[in-house]
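Biologist: Let us go through this protein together. Please keep the answers short, and give me the reasoning each time.

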Amino acid sequence: GPARLSDAQAAQLVKDMDSKMTPADKPYAVATKAHALTMARAFGDWMVQTRRWKTNPFAGLRVMGRPNRGKTQLRIDEARRWLAVVEAAALAGDEGAVPAMLCFPLGMRAGEVVARTVRDVDDGGRCLWIDHGKTANARRRLVIPERTRPHLLRVVADREPEAPLFPGLSRHALLRHVRRFCRLSGVTKVCAHSMRGLLATLSIESGAALAAVADGLGHA
């Protein structure tokens with residue numbers, strides 16, 4: 001079978017992750033390194049189970065540091081300022097404003113936002129269908145807030161049903177839009193996914209049932 005890595009070689013591979021940088025020239029997050037080690041450990045287990053290796057050199061190894069616990073969220077007043085700026089931008093025709101609104105207050109995943117088509121906006125702009133997504137629970141129908149509805153109706157007006165709701169929008173572009181509006185509104189810079197966390201926090205703290213919040217976010 002394939003030559004087995006020595007324990008020292010495996011330990012060195014794990015240690016080397018601390019010095020490797022992302023394409024953006026930043027250190028890899030602890031969670032990213034932990035995931036890579038988990039995959040390596042699973043591969044080693046499979047090699048042992050199939051009798052290609054006698055022992056797993058990745059067993060017992062750990063990455064240094066602690067993973068981040070949650071993403072930075074806006075405060076309530078910050079969220080109000082952010083949304084006010086986004087709504088004003090939408091009225092002015094800013095192409096990034098309406099997709100940003102689907103992150104907050106709808107709490108959609110970035111991938112869900114960019115995958116939507118015109119026909120997903122339904123019932124006169126009162127609901128938005130999500131027919132597939134990251135998890136088995138991603139399929140759902142979201143109620144569009146009244147303040148968001150007229151902006152979405154302008155986006156879908158006189159367009160083909162199967163056309164992309166936001167043509168050319170990527171997940172990275174959506175992140176840039178969310179952060180751009182953070183800068184314009186003078187609030188802490190957060191990512192698109194943080195807006196989902198903010199919605200969950202505000203919903204639960206206002207008394208919404210955990211199951212209902214999970215359903216709205218497409219979680220199990």
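Biologist: Does R149 count as buried, partly exposed or exposed?

Modeller: First, a caution: this is a predicted model. Buried means under 20% relative accessible area. R149 has 18% relative accessibility, so R149 counts as buried.

Biologist: Which residue does R149 meet in a salt bridge?

Modeller: Side chains of opposite charge can pair when their charged atoms come close. Here the N to O distance is 3.9 Å, and a salt bridge needs the two atoms within 4 Å. The partner is exposed, with a relative accessible area of 55%. That partner is E146.

Biologist: Which residues are joined into one network by salt bridges that share partners?

Modeller: Here salt bridges share partners, and the residues are joined into one network. The members are R109, E112 and R140.

Biologist: How many salt bridges are there by this rule?

Modeller: The rule asks for a side-chain nitrogen of Lys or Arg within 4 Å of a carboxyl oxygen of Asp or Glu. R149 with E146 is one of the pairs. The count comes to 10.

Biologist: Which residue forms a salt bridge with R180?

Modeller: The closest N and O atoms are 2.9 Å apart. R180 lies in helix α7, and its partner sits in the loop between α3 and α4, so the pair ties together parts that are 86 residues apart in sequence. R180 is partly exposed at 21% relative accessibility, and the partner is partly exposed with 23%. The partner is D94.

Biologist: Where is R116, which meets D131 in a salt bridge?

Modeller: The N to O distance in this salt bridge is 3.4 Å. The pair links distant parts of the chain, 15 residues apart, with D131 in the loop between β2 and β3. R116 is in the loop between α5 and β1.

Biologist: Is R116 buried or exposed?

Modeller: Its partner D131 is partly exposed, with a relative accessible area of 38%. For R116 the value is 2%, and the cut-off for buried is under 20%. So R116 is buried.

Biologist: What residues gather in a patch of positive charge on the surface?

Modeller: Lys and Arg count as positive. One member, K189, is in the loop between α7 and α8. K189 has 57% relative accessibility, so K189 counts as exposed. The patch gathers K26, K71, R179 and K189.

Biologist: Which residues does C191 touch, not counting those up to four places away in sequence?

Modeller: C191 is in the loop between α7 and α8. C191 is buried, with a relative accessible area of 15%. The C-alpha atoms of C191 and K71 are separated by 8.2 Å, though these residues are 120 apart along the chain. C191 touches K71, L175, V178 and R179.

Biologist: What pattern does the protein chain follow along the sequence?

Modeller: The protein chain has nine helices and three strands. Read along the sequence, the pattern is α-α-α-α-α-β-β-β-α-α-α-α.

Biologist: What share of the contacts with a separation of 6 or more comes from residues 24 or more positions apart?

Modeller: C191 and K71 show such a contact, being 120 residues apart along the chain. Over the protein chain, the share is 61%.

Biologist: How much of the protein chain counts as buried?

Modeller: The protein chain exposes about 13,200 Å², and carbon and sulfur atoms supply 55% of that area. The chain has 220 residues. The share that counts as buried is 39%.

Definitions and conventions: Residues numbered from 1 in each chain as written. Predicted model: local features only at pLDDT ≥ 70, side-chain atom pairs only at ≥ 80, totals over all residues. Heavy atoms only, no water. Patch = residues over 30% accessible without salt bridge, like charges linked within 9 Å, V, L, I, M, F, W, Y side chains within 5 Å. Areas by Shrake-Rupley, 256 points an atom, 1.4 Å probe, with all protein chains shown as cover. Charge placed at Lys NZ, Arg CZ, Asp CG, Glu CD. Helix = DSSP H or I, 4+ residues; strand = E, 2+ residues; numbered from the N terminus. Buried < 20%, exposed > 50% of the residue type's maximum accessible area, 1.4 Å probe, protein only. Contact = heavy atoms within 4.5 Å.
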